[in-house]
Amino acid sequence: MAIAHANIGAARYRTTIRTGGDLRHQLIADEPPRLNGGDQGPAPFDLLISALGACTAITLKMYAERKEWPLESLDVQLEYLGGETPPRIERVLTPVGPLDEAQRARLAAVAERTPVTLAIKNGVPVNTRLA
């Protein structure tokens, strides 16, 4: 289970986000100046692809550790192309270490089934209500 609380006040578009099991982690989100924001933190879609990147990196690291593969590091580059029809996310994996081609291909296949990847691809329902 994941939990987050977002609050926006007087500062235009600057949003404080608290997250984690006891809401102990704090992030700031904002919009860039081109959208009249103060650029004090990542924009919402930056946060979305950041979550995807973190989930991808963590899942693949766990997988490689379980398999005892020599994955030294992993770079996950992401780009949200919202102006495309349909919108899409481009993800490029750069694993570092003496992995063979079969291991590299398996990491790419596992990346397609990480929890955040599946949530995005399958479309998680969002239920909204007023407090």
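A residue is called exposed when its relative accessible area is over 50%, and buried when that value is under 20%. With these words in hand, helix H2 of this predicted model can be read side by side. In H2, which spans residues 101-111, the buried residues are Gln103, Leu107, Val110 and Ala111. Viewed down the axis of H2, these buried residues fall within an arc of 105°, so they line one face of the helix. A simple rule helps here: an α-helix has 3.6 residues a turn, so residues three or four places apart point the same way. On the other side of H2, Glu101 and Ala102 are exposed. The cover over the buried residues of H2 includes helix H1, strand E5 (88-96) and helix H3 (115-122). At the N-terminal end, H2 is capped by Asp100, which has a side-chain oxygen 3.1 Å from the backbone nitrogen of Ala102.

Charged side chains come next. Side chains of opposite charge can pair when their charged atoms come close. The model holds six salt bridges, counting a side-chain nitrogen of Lys or Arg within 4 Å of a carboxyl oxygen of Asp or Glu. One of them joins Arg24 to Asp22, with the closest N and O atoms 3.0 Å apart. Arg24 is exposed, at a relative accessible area of 56%, and Asp22 is exposed too, at 53%. Another salt bridge links Arg88 and Glu84, at 2.7 Å from N to O. Here Arg88 is partly exposed, with 34% relative accessibility, and Glu84 is partly exposed at 35%. Glu112 and Arg91 also meet in a salt bridge, at 3.4 Å from N to O. Glu112 sits in the loop between H2 and H3 and Arg91 in strand E5, so this pair ties together parts that are 21 residues apart in sequence. Glu112 is partly exposed, with a relative accessibility of 37%. In addition, salt bridges that share partners join Glu84, Arg88 and Glu90 into one network.

Asp30 offers a contrasting case. This residue lies in the loop between strand E3 (25-29) and helix H1 (44-67). Asp30 is buried yet has no salt bridge, and the nearest side chain of opposite charge, that of Arg14, is 6.0 Å away. That distance lies outside the 4 Å cut-off for a salt bridge. The side chain of Asp30 does reach the backbone nitrogen of Gly38, at 3.1 Å. A polar atom of the same Asp30 side chain also lies 3.1 Å from the backbone nitrogen of Asp39. Leaving aside residues up to four places away in sequence, the residues touched by Asp30 include Arg12, Tyr13, Arg14, Gln40 and Pro42.

Methods. Residues are numbered from 1 along each chain as its sequence is written. This is a predicted model: local features need pLDDT of at least 70, side-chain atom pairs count only at pLDDT 80 or more; totals for chains, interfaces and linings use all residues. Side-chain values use heavy atoms; hydrogens and water are left out. Helices (H or I, at least four residues) and strands (E, at least two) are DSSP runs, numbered from the N terminus. Buried means under 20% relative accessible area, exposed over 50%, partly exposed in between (1.4 Å probe, protein chains only). Lys and Arg count as positive and Asp and Glu as negative; His and the chain ends are not counted. A polar contact is a pair of N or O atoms within 3.5 Å; within protein, one must be able to donate a hydrogen and the other to accept it, and residues adjacent in sequence count only if both atoms are side-chain atoms. Contact means heavy atoms within 4.5 Å. The arc is that of the directions from the helix axis to the C-beta atoms.
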